Structure formats: C-alpha cells, structure tokens
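Let's take a walk through a protein structure together, one region at a time. Keep the picture open beside you and look for each part as it comes up.

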Amino acid sequence: HLDGNVTVPNNIAVYQYFIVRYDTNLDYISSILLPITDGTGFPGSGYGQRFAYDENLNRYYLAGMRSYNITAPLTPLTYGGKSFSERAYILAINGNNGTEAWRREVYSQYSNGEPTGHDFRSLVIDSNSDVYVGGQIWKSLNEQNLKIYDPHNPTTTTYTFTPTPYSNLPTVIKFKSNGTVQWVKTPTAFAPNYTTNTALNSKGLALNGNEVAFGSSESYFVWDSFTLNYSQFYQPEPTLLRFDKQTGKTIDEAIALINKFY
C-alpha cells in the first residue's frame, strides 16, 4: 500500500491502522503502525473520527465515538492492549512511536446496558497545546456525577460534573495537554418554554484569541446570561456560541436563521 511504503501481512483478519506523514508535495516521509488489536477499530460509516496534530508536542489526537450514530451498537476498540469502555472518547498518541499518551472517555448512566448518546464531532488544539472537543452528551433526568475519565486509571483521572438540564446537551470540553479537564461547558438551564428535547447537530469549533466558537442547534437553552426561548414545540435553529477560553463562560450567542420552505 501507499506506493509500497506499507505492507499489511496476510494474517491480518480485518484492518491495520497507520498514521502516515507526507510533505507539502505529497511525497512520503514516514508511517507509524498503531497498536490497535486486529478485529477492533473504528466504525466503517457515520460521523467518523476527528483527527488533529500538535506540532509543539509531536502528538496526534483522535476523538469521536465507537458507533456510526449515537444509538448504534458499539464497535470494539483496543489500543495498546487496553480496551475502550464508553461511546465517546479522545485519545492522545505519541508522534514518535504511536504509543498512547493518554485517553479520556465520557460516562453517564447506561440505557439498556449500552453507553448513552455521547458524541464528539469537533477537535482543535491551541498554541499552548490545550485541547478542545465539541459535540453532545446525554444526561438522564435527576442523574448526578457524569464523568470524564480513563477507565484504566479512574483514581487519578476522573472529573465529575452535573449539568442542570438533561437529555441531549451540546457540550464543549477543554483539556490541558496532560489530559486534565480544565472545564466542561453545557447549557446552564432550560428556557421557560422548554417541553421536550430532540437530537442535536453540535459540531464545529474555532479559536480566536481568547475565545472558543462552537456551532450547534437548539431552541430552549440558557447559556449563563443568554437565553433562547422560542414558542413551544419550535424546531431547533442553528446557533453560534462563544466562550472564554480560560473559564468556559459564555460570551455571546448568535442565532443563524435559515430560509424555510413550506
């Protein structure tokens, strides 16, 4: 494969995974075989995995979920001999040899024995090597202590949080370069006209100075001092939210209206 630079042995039953580097002329530089156990891997369809590279630390990042949508059965994934447990995850990879630098997964109360609808669809890294992921999480009514953690090292990695709203929640998480969670941002309350929640399309992160911008869709959430409160049963609108990079506090919320055809 790749003009003879990569060879997959005949005894591989499913896939081997590589990170491959090219120069700006698309000339091959090098490749790293990732320690993903044969027979495990990433979903073959759906939203896919998000990928980023931090030049400062020579570190690669993968973020996503282990299924092609938020309710589909999980795809097994084992990296460096350690299996993943939850649906949504972020994995930091050493750029020299492909070993795991750290991992974090998101846990909330299971539904029918399966991890619930967590989904990372965006991943960006700033000049300080801080890492931001965006997407959505699920919280059940009255559930306490959702957590972000490494299942293989829960004692020193677990970060717990309890959003006030429940159901599908657009979410942004900031990690320090060592995997420590600096903050988690979800809506802070439901708006007065809230009735029922729906599936969200929360994706798209951008950095600008000391701000994080996040694209989402919603109609009944409060973000700190900003409230979106349409009439009851109104369908979600596209939104653009801005947060302070250091604290996660909401700076602004803009509603992007689209044409509707009836």
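Our tour of this predicted model begins with its aromatic rings: the structure holds 18 aromatic pairs. One of them is formed by Phe190 and Phe221, whose rings are stacked, with 5.8 Å from centre to centre and 20 degrees between the planes. The two partners come from distant parts of the chain, 31 residues apart. Phe190 belongs to strand β15 (residues 189-190), while Phe221 belongs to strand β18 (residues 221-223).

How exposed is each partner of this pair? Phe190 has a relative accessible area of 22% and is partly exposed. Phe221 has a relative accessibility of 3%, so this ring counts as buried, because the cut-off for buried is under 20%. Now widen your view a little. Ring pairs join Phe190 and Phe221 with Tyr166, Tyr194 and Tyr220 into a cluster.

Next, let's turn to the strands. Look for an open sheet of four strands in the order β9-β10-β13-β14, paired in the antiparallel sense. Which strands stand at the edges of this sheet? They are β9 (119-125) and β14 (181-185). Each has a single partner strand, so one side of each has no neighbour in the sheet. From one strand to the next, the twist averages 25 degrees. As a reminder from the textbook, strands of a sheet pair through backbone hydrogen bonds, either parallel or antiparallel.

You might wonder whether an edge strand must lie open to the outside, so let's check β9. Six of its seven residues are buried, so β9 is largely enclosed by the rest of the structure. Its pairing with β10 is antiparallel and runs over six bridges. If you would like one spot to find on screen, Leu123 stands opposite Val133 in β10. Between β9 and β10 there are five residues, and the two strands form a hairpin. In that turn, Ser129 has a positive phi of about 70 degrees.

Moving one step across the sheet, how many bridges connect β10 and β13? Strand β10 (residues 131-139) pairs with strand β13 (residues 167-175) over nine bridges, in the antiparallel sense. Here you can look for Gly134, whose bridge partner in β13 is Val172.

Ser129 is joined by other residues worth a look for their backbone angles. Asp224 has a phi near 55 degrees, a positive value in a residue other than glycine. You will find Asp224 in the loop between β18 and β19, and with a relative accessible area of 25% this residue is partly exposed. Asp3 also has a positive phi, near 60 degrees. Asp3 sits in the segment before β1 (18-22). Its relative accessibility is 81%, so Asp3 counts as exposed; the cut-off for exposed is over 50%.

Asp3 also helps you to judge distances across the model. Find Tyr230 in the loop between β19 (226-227) and β20 (237-244). Its relative accessibility is 18%, so Tyr230 counts as buried. Tyr230 and Asp3 are 227 residues apart along the chain, and their C-alpha atoms are separated by 56 Å.

Finally, let's look at the spaces between the atoms. Rolling a probe the size of a water molecule over the atoms shows where empty space is left. The largest pocket has a volume of about 190 Å³. Its lining is made of 14 residues, and the closest to its centre are Thr71, Ser111, Pro115, Thr116 and Gly117. By class, this lining has five nonpolar, seven polar and two charged residues.

The second largest pocket holds about 160 Å³ of space. Of its 15 lining residues, Thr196, Thr198, Ser219, Tyr220 and Tyr234 are the closest to the centre. You have met Tyr220 already, as a member of the aromatic cluster. The lining of this second pocket has eight nonpolar, six polar and one charged residues.

The last stop is a cavity. The structure holds one cavity of 30 Å³ or more, and its volume is about 30 Å³. Which residues line the largest cavity? They are Pro43, Ser45, Gly46, Tyr47, Gly48, Gln49, Met65, Ser67 and Tyr68. By class, the lining has four nonpolar, five polar and no charged residues.

Note on methods
Residues are numbered from 1 along each chain as its sequence is written. This is a predicted model: local features need pLDDT of at least 70, side-chain atom pairs count only at pLDDT 80 or more; totals for chains, interfaces and linings use all residues. Side-chain values use heavy atoms; hydrogens and water are left out. On a 1 Å grid over the protein atoms alone, a cavity is a set of points where a 1.4 Å probe fits but cannot get out, and a pocket is an open set with protein on both sides within 12 Å along at least five of seven lines; lining residues have an atom within 4 Å of a point. Grid points are joined across faces, edges and corners, and a volume is the space filled by probe spheres set on the points. Ala, Val, Leu, Ile, Met, Phe, Trp, Tyr, Cys and Pro count as nonpolar, Asp, Glu, Lys and Arg as charged, and the others, Gly among them, as polar. Two strands pair if DSSP finds at least two bridges between them. Axes are lines fitted to C-alpha atoms, for helices over the stretch in contact, and angles run from 0 to 180 degrees between N-to-C directions. Rings of Phe, Tyr and Trp (its six-membered ring) pair if their centres lie within 6.5 Å; planes under 30 degrees apart count as stacked, over 60 as edge-to-face and the rest as tilted. Buried means under 20% relative accessible area, exposed over 50%, partly exposed in between (1.4 Å probe, protein chains only).
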